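Thank you all for coming. I would like to take a few minutes to walk through one model with you, going from the inside outwards, so please have the picture open while I talk.

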Amino acid sequence: MAQEKELQASIETTGEAAAEDKDVLTEAAPDVVGEEPAGDDAAPEDVAADDAADDAEDEEYEDTEDSLTYSNGVIEKIVAMATREVPHVLGMKGNLIHFVQETLGAKDLTKGVTVEVTDDNRVIVNISVIIEYGCYAPAIFEDVKERVTERLAAMTGLEVAGINLRIEDVVTLEAYNASKKQAEAARENAA
């Protein structure tokens, strides 16, 4: 029995020594592979230098990355031109600023159109139009959606998330042409 106790004590001592050796190896191992030891042993200057190097790499990557962006005005212009191609759309309805611009002789091709770009780079389009009296508005809406979606995809690659078409006025073709002629005559007289 005495031998068993001595053997047991020897095993316990050997186990404790092995555990201490393991701790020593664990602390030394990060230095061996070139990593910073965990905890308070890491030098703050080294960590700051590593972070600065990472930031510089990120900035360098951002500076060299290619990109293609469109201003909202370009998207609005494409939408307005595509909408004007649709049969029975007589014109676009703008706000007071557009009215003043037209009165002074300027032609604003984005009149009646606003766009919103979503977080996933899709476009929501809002269009205000004047349509010809006697035409079926839902068919005009479908034609506008198809034409605008097609033109935006072909020219920019952007996907349309939604199109909101607002019919602002309904006039006969004759009345619309007569009002255009009056506006042109008024501009010529003002000049």
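Let me begin with the interior of this predicted model, where the largest nonpolar core has 23 residues, and where those with the most contacts inside that core are Val79, Val125, Ile127, Val144, Val148 and Leu152. The elements that each give two or more residues to this core are the helices and strands labelled α3, β1, β2, β3, α5 and β4, the last of these covering residues 159–171.

Two members of that list are worth a closer look. Val79 touches Val113, Val125, Ile127, Val148 and Leu152, if we leave aside residues up to four places away in sequence. Val144, for its part, lies in helix α5, and Val144 counts as buried because its relative accessibility is 0%, where the cut-off for buried is under 20%. With residues up to four places away in sequence again set aside, Val144 touches Thr83, Val86, Val89, Ile127 and Leu165. To give one of these pairs a scale, Val144 and Val89 are 55 residues apart in sequence, while their C-alpha atoms are 8.9 Å apart in space.

Staying with buried residues, I would like to turn to a charged one. What does Glu76 have around it, given that Glu76 is buried yet has no salt bridge? Glu76 is placed in helix α3, and the nearest side chain of opposite charge, that of Lys77, is 11 Å away. A salt bridge here requires a side-chain nitrogen of Lys or Arg within 4 Å of a carboxyl oxygen of Asp or Glu. Apart from residues up to four places away in sequence, Glu76 touches Thr110, Val113, Thr114 and Val115.

That brings us to the charged groups that do pair. Side chains of opposite charge can pair when their charged atoms come close. The structure holds seven salt bridges, and I will single out a few of them. Glu85 forms one with Arg147, with the closest N and O atoms 3.1 Å apart. This pair links distant parts of the chain, since Glu85 sits in the loop between α3 (72–84) and β1 (89–92), whereas Arg147 is in helix α5 (residues 137–156), 62 residues apart.

Glu85 also takes part in a salt bridge with Arg151, and there the closest N and O atoms are 2.8 Å apart. Here too distant parts of the chain are linked, with Arg151 in helix α5 and Glu85 in the loop between α3 and β1, 66 residues apart. Taken together, Glu85, Arg147, Glu150 and Arg151 are linked in a network of salt bridges. As for how open these positions are, Glu85 is partly exposed, with a relative accessible area of 37%, Arg147 counts as partly exposed at 26%, and Arg151 is partly exposed, also with a value of 26%.

Another of the salt bridges joins the side chains of Arg166 and Glu168, at 2.7 Å from N to O. Arg166 is exposed, with a relative accessible area of 53%, whereas Glu168 counts as partly exposed at 32%.

Now to the surface. Which residues make the nonpolar surface patch of about 290 Å²? They are Tyr133, Ile167 and Val170. Tyr133 is placed in the loop between β3 (122–132) and α5, and Tyr133 is exposed, with a relative accessible area of 57%.

Finally, a word on the backbone. Most residues other than glycine have a negative phi. With that in mind, please look at His88, which has a positive phi of about 75° although it is not a glycine. His88 is found in the loop between α3 and β1, and it counts as partly exposed at 38% relative accessibility. Asn121 likewise has a positive phi, of about 60°, and is not a glycine. Asn121 lies in the loop between β2 (113–117) and β3, and at 52% relative accessibility Asn121 counts as exposed.

I will stop there and take questions.

Conventions: Residues numbered from 1 in each chain as written. Predicted model: local features only at pLDDT ≥ 70, side-chain atom pairs only at ≥ 80, totals over all residues. Heavy atoms only, no water. Helix = DSSP H or I, 4+ residues; strand = E, 2+ residues; numbered from the N terminus. Buried < 20%, exposed > 50% of the residue type's maximum accessible area, 1.4 Å probe, protein only. Lys, Arg positive; Asp, Glu negative; His and termini not counted. Contact = heavy atoms within 4.5 Å. Patch = residues over 30% accessible without salt bridge, like charges linked within 9 Å, V, L, I, M, F, W, Y side chains within 5 Å. Areas by Shrake-Rupley, 256 points an atom, 1.4 Å probe, with all protein chains shown as cover. Core = buried A, V, L, I, M, F, W, Y, C linked by side-chain atoms within 4.5 Å.
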